[in-house]
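Student: Could you walk me through this structure with me asking things as they come up? I'm new to this, so plain sentences would help.

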Amino acid sequence: MSEREVVVDGFRWSFSDLGAGPPVVMCHGFPGLGFSYRHQSRALAESGFRALAPDMPGYGRTDTPVTIGDYTNDRVADQLVGLLDTLGEDRAVFVGHDFGAPVAWTLALRHPERVSGLVLLAVPYAPDRFPARPSELYAAVARKHFLHIHYFQEPGVADRELDADPRRFLHRLFYALSGDYHYLDIWQHPSEGNGYLEVLPHAPPLPWSWLSEAEFDYYADIFSAAGFTGGLNWYRAYDANWERSVDLDGAPIEVPTLFIAGARDPVLAMSGSAALDRMRAAVPDLRGVHLLEGAGHFVQQERPTEVNELLLNFVTDVDATGSAGD
């Protein structure tokens with residue numbers, strides 16, 4: 001992987017930059033890195049595209065802001081526009097997984113002229129704003145069972161637990177969210193008196209079919225050095241995102257869009273049975289909804305061959321359409 005660093009308006013981005021051609025910017029979530037797109041970066045570069053996979057703010061070697069407002073979707077979207085400018089790119093296909101998905105669709109909503117296409121992994125577009133402050137809704141759910149989103153809200157609590165043993169946390173969480181485990185089983189545990197490591201399942205030894213020991217070591221080494229506070233701050237920005245998204249309530253996404261998820265992804269279960277229908281209604285140029293059997297949350301790593309084929313078909317079609325319209 002070709003690693004680069006650039007400073008944009010005083011903010012340091014670290015990212016992999018492979019290939020030459022129409023750019024594809026891939027945004028990860030928690031607990032990910034630009035490395036989470038290693039399979040897609042190689043495939044895109046070999047097919048004539050420029051694959052850009054940044055460590056998102058708070059992760060890896062990218063800067064870690066102190067202010068929670070710097071982790072909001074609109075703030076990070078604006079920063080990604082600045083990164084495009086610095087790299088000399090007018091438009092890009094944006095791919096978003098987990099927290100990267102709402103950042104990518106915020107770009108499509110607020111800066112559609114910079115987005116030639118949108119690929120959402122794991123998280124379907126949600127056009128409807130929450131009816132109340134998210135932290136209040138999550139606190140109510142946490143009274144019934146353990147909910148990591150609520151546990152992560154208090155600064156310092158989860159940070160201390162996860163930073164104390166990054167390897168054990170990542171090992172258990174990667175397994176728990178994969179297609180080999182039913183993540184919602186952790187809801188059997190109460191919130192009171194439990195940390196995240198206490199409710200996550202024990203994981204089988206590596207290597208797994210989708211994650212080698214060397215790949216896991218890369219994640220563990222990076223998070224051992226950087227810590228988890230930056231990643232956790234994305235959860236702490238839920239209320240700020242809610243406050244800043246009033247004007248986007250119900251807004252349609254007009255750019256060409258593709259959705260891919262693992263059929264066993266717990267995000268789909270937590271999103272509710274109507275989530276995909278709401279997305280279809282709000283995305284008029286939705287070019288596919290693909291649920292990959294047996295895969296869980298880390299679909300681009302668990303099913304790289306299938307994801308790469310779908311992604312390459314999409315970006316090639318978007319590029320051909322865009323070139324014809326120029």
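**Talking through the model**

Tutor: Ala240 counts as buried, because its relative accessibility is 15%, and this residue is located in helix 11. Please keep in mind throughout that we are looking at a predicted model.

Student: Which residue is 167 residues away from Ala240 in sequence, and how far apart are the two in space?

Tutor: That residue is Asn73, and the C-alpha atoms of Ala240 and Asn73 are 9.2 Å apart in space.

Student: OK, switching to holes. What volume does the largest pocket have?

Tutor: The volume of the largest pocket is about 1,400 Å³. It is lined by 47 residues, and the closest to its centre are Val123, Ala126, Phe130, Tyr138 and Tyr238. Several helices give two or more residues to that lining, among them helix 2 (73–86), helix 4 (134–142) and helix 11 (238–244).

Student: Which helix gives the most to the lining?

Tutor: That is helix 3, which contributes 5 residues to the lining of the largest pocket.

Student: And what classes of residue make up the lining?

Tutor: Sorted by class, the lining of the largest pocket holds 32 nonpolar residues, together with 7 polar and 8 charged ones.

Student: Speaking of charges, how many salt bridges are there?

Tutor: The count comes to 17 salt bridges. As a general point, side chains of opposite charge can pair when their charged atoms come close. In one such pair, Asp17 forms a salt bridge with Arg4, and their closest N and O atoms are 2.9 Å apart. Asp17 belongs to strand 2 (residues 11–18) and Arg4 to strand 1 (residues 3–8), so that this pair links distant parts of the chain, 13 residues apart.

Student: Is Asp17 buried or exposed? And what about Arg4?

Tutor: Asp17 counts as buried, at 10% relative accessibility, whereas Arg4 counts as partly exposed, at 32%. Both residues also belong to a network of salt bridges that links Arg4, Asp17, Arg50 and Glu89.

Student: Which residue does Glu243 meet in a salt bridge?

Tutor: Glu243 meets Arg133, with an N to O distance of 2.5 Å. Glu243 lies in helix 11, while Arg133 lies in the loop between strand 6 (115–121) and helix 4, so their salt bridge ties together parts that are 110 residues apart in sequence. Glu243 is partly exposed, with a relative accessible area of 44%, and Arg133 is partly exposed as well, with a value of 27%.

Student: Back to helices. Which residues of helix 4 are buried?

Tutor: In helix 4 the buried residues are Pro134, Tyr138 and Ala142. These residues cover an arc of only 70° around the axis, so they sit on the same side of helix 4.

Student: Why would residues spaced like that point the same way?

Tutor: An α-helix has 3.6 residues a turn, so residues three or four places apart point the same way.

Student: What covers the buried residues of helix 4?

Tutor: The cover over the buried residues of helix 4 includes helix 5 and helix 11.

Student: And which residues are buried in helix 13?

Tutor: In helix 13 the buried residues are Ala275, Leu276, Met279 and Ala282. Looking down the axis of helix 13, you would find them within an arc of 130°, so they line one face of the helix. Their cover includes strand 6, strand 7 (257–262), helix 12 and strand 8 (286–292).

Student: Last topic, the backbone. Where are there cis peptide bonds?

Tutor: One is the peptide bond from Phe30 to Pro31, which has omega near -10°, and Pro31 lies in the loop between strand 3 (23–27) and helix 1 (38–46). Another is the bond from Leu206 to Pro207, with omega near 5°, and Pro207 lies in the loop between helix 8 (196–199) and helix 9 (213–226).

Student: Which residues other than glycine have a positive phi?

Tutor: Asp98 has a positive phi of about 60°, and Ala122 has a phi near 80°. Asp98 is in the loop between strand 5 (92–97) and helix 3, and Ala122 is in the loop between strand 6 and helix 4. Asp98 is buried, with a relative accessible area of 12%, and Ala122 is buried too, with a value of 0%. For background, most residues other than glycine have a negative phi, and most peptide bonds are trans.

Key. Residues are numbered from 1 along each chain as its sequence is written. Side-chain values use heavy atoms; hydrogens and water are left out. On a 1 Å grid over the protein atoms alone, a cavity is a set of points where a 1.4 Å probe fits but cannot get out, and a pocket is an open set with protein on both sides within 12 Å along at least five of seven lines; lining residues have an atom within 4 Å of a point. Grid points are joined across faces, edges and corners, and a volume is the space filled by probe spheres set on the points. Helices (H or I, at least four residues) and strands (E, at least two) are DSSP runs, numbered from the N terminus. Ala, Val, Leu, Ile, Met, Phe, Trp, Tyr, Cys and Pro count as nonpolar, Asp, Glu, Lys and Arg as charged, and the others, Gly among them, as polar. A salt bridge is a side-chain nitrogen of Lys or Arg within 4 Å of a carboxyl oxygen of Asp or Glu. Buried means under 20% relative accessible area, exposed over 50%, partly exposed in between (1.4 Å probe, protein chains only). The arc is that of the directions from the helix axis to the C-beta atoms. Contact means heavy atoms within 4.5 Å.
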